[in-house]
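Got your viewer open? Load the model below and follow along, one selection at a time.

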Amino acid sequence: MTSAAIAVYGATGHTGQFVLRELERRGYQTVPIGRSERAPAAGGYADAQRLWRRAVCDDPDALDEALRGTGAVINCAGPFLDTAPAVIEAALRAGIHYFDVTAEQRSVRQSLATYHDEARHRGSVVMPAVAFYGGLADLLATEATRGARSVERIEVGMALDCWHPTAGTRRTGERNTARRFVVADGRFTPVPRPAPVREWTFPAPFCVQQVVAMPLAEIVTISRHIAARNVCSYLNTAPLRDLEDPHTPAPIAVDPSGRSAQQFVMEVRATSGDDRAEITVTGRDIYAVTAPIVAEACARVLADPPATGGAFAPAELFDASDFLHALEPHLAIVRTDGDRSARRP
């Protein structure tokens, strides 16, 4: 059992439950924090036998008490535009590290810009978007551009066979109405309306998919430390229809771990002069796979804190290749270079 306790804010939520499970599998003592007045029901990972704490974001004293005795906090409670500032500030007051799993562009950008200096002063790490959206693409893009002297274009293609959104995903979508942006000619630029649509050839079983420009947190995390002239991300259109349908149910567990049957692929293509590199990951359940990503980041910072604190994108602080290797039990990863015809028969 490791000595540092890790707080999980939003621990009663769908992703929070996966994060608790992953941390405890690694031997960490956890401090689950909920926002509800009511204690969680007994059973599974929302067990009333736990030492649950409660804190809402508009009560700084309650947040301070909830984080007492911990070494880090992982924020799983969206919308993060509302929760991230309060939880980050509480973490900085406590002198502990902060991580979150947001996909929200505005939240990530604000967290990195607003809290870097104070985190550096206090020796704490602030790291937003350590998740399927944001962090994973950042790690892949960093690995794909390793050794490149200049980067012309980074494109992220994502395909899901379905998307059964959690209640938190729906609330976050309703809260985030700001226009999304990409990097074009070296500058943050709003996505055109309507968003561009194109075809993307993924590996089987997805193959050729219609995708639409759907930039999320990865635009911010990648551009934080890779000077690419153009960065854009795309998502296939089928899961967006699920997301837009108010009758689409929440995720349904199909195995003892709580994972759904959802399959995903993420492919990053990087162009540097005449060279092109491509790296692809496949796996199951975007909510479940977020847990090992954020747990790995938190574990690395607790085991080997950086010489100076600050606000970081994941691949800005960690060696991307080594981090991705650590995720291989949860993801199938393939790196290829040159023409697709020479890489994937």
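We'll start with the whole chain and then move to one pair of helices.

**Stop 1: the whole chain.** Keep in mind that this is a predicted model. Switch to cartoon and colour by secondary structure: you should find 12 helices and 16 strands. How compact is the chain as a globular protein of 345 residues goes? The radius of gyration is 19 Å, close to the 20 Å from the globule rule, so the chain is as compact as a globular protein of that length. Turn the C-alpha trace along its principal axes and the spans come to about 55 × 45 × 40 Å.

**Stop 2: surface and interior.** Put a surface on. The chain exposes about 15000 Å², with 49% of that supplied by carbon and sulfur atoms. Under the surface, 54% of the 345 residues count as buried. If you draw a contact map, look away from the diagonal: among contacts with a separation of 6 or more, 73% join residues 24 or more positions apart.

**Stop 3: H3 and H4.** Now select residues 80–94, which are helix H3, and residues 105–122, which are helix H4. Their axes come within 10 Å and cross at roughly 5°. That angle is under 35 degrees, so H3 and H4 count as roughly parallel to each other.

Show side chains where the two helices touch:

- On H3, pick Phe80, Leu81, Ala84, Pro85, Ile88, Glu89, Leu92 and Arg93.
- On H4, pick Arg106, Ser107, Gln110, Ser111, Tyr115, Glu118, Ala119 and Arg122.

Finally, colour this selection by residue type. Which classes turn up in the contact of H3 with H4? The residues divide into eight nonpolar, three polar and five charged.

Key:
Residues are numbered from 1 along each chain as its sequence is written. This is a predicted model: local features need pLDDT of at least 70, side-chain atom pairs count only at pLDDT 80 or more; totals for chains, interfaces and linings use all residues. Side-chain values use heavy atoms; hydrogens and water are left out. Axes are lines fitted to C-alpha atoms, for helices over the stretch in contact, and angles run from 0 to 180 degrees between N-to-C directions. Helices (H or I, at least four residues) and strands (E, at least two) are DSSP runs, numbered from the N terminus. Angles under 35 degrees count as roughly parallel, over 145 as roughly antiparallel, 65 to 115 as roughly perpendicular and the rest as oblique. Contact means heavy atoms within 4.5 Å. Ala, Val, Leu, Ile, Met, Phe, Trp, Tyr, Cys and Pro count as nonpolar, Asp, Glu, Lys and Arg as charged, and the others, Gly among them, as polar. The radius of gyration is taken over C-alpha atoms; the globule rule is 2.2 Å times the number of residues to the power 0.38. Buried means under 20% relative accessible area, exposed over 50%, partly exposed in between (1.4 Å probe, protein chains only). Accessible areas come from the Shrake-Rupley method with a 1.4 Å probe; for residues, only the protein chains shown count as cover.
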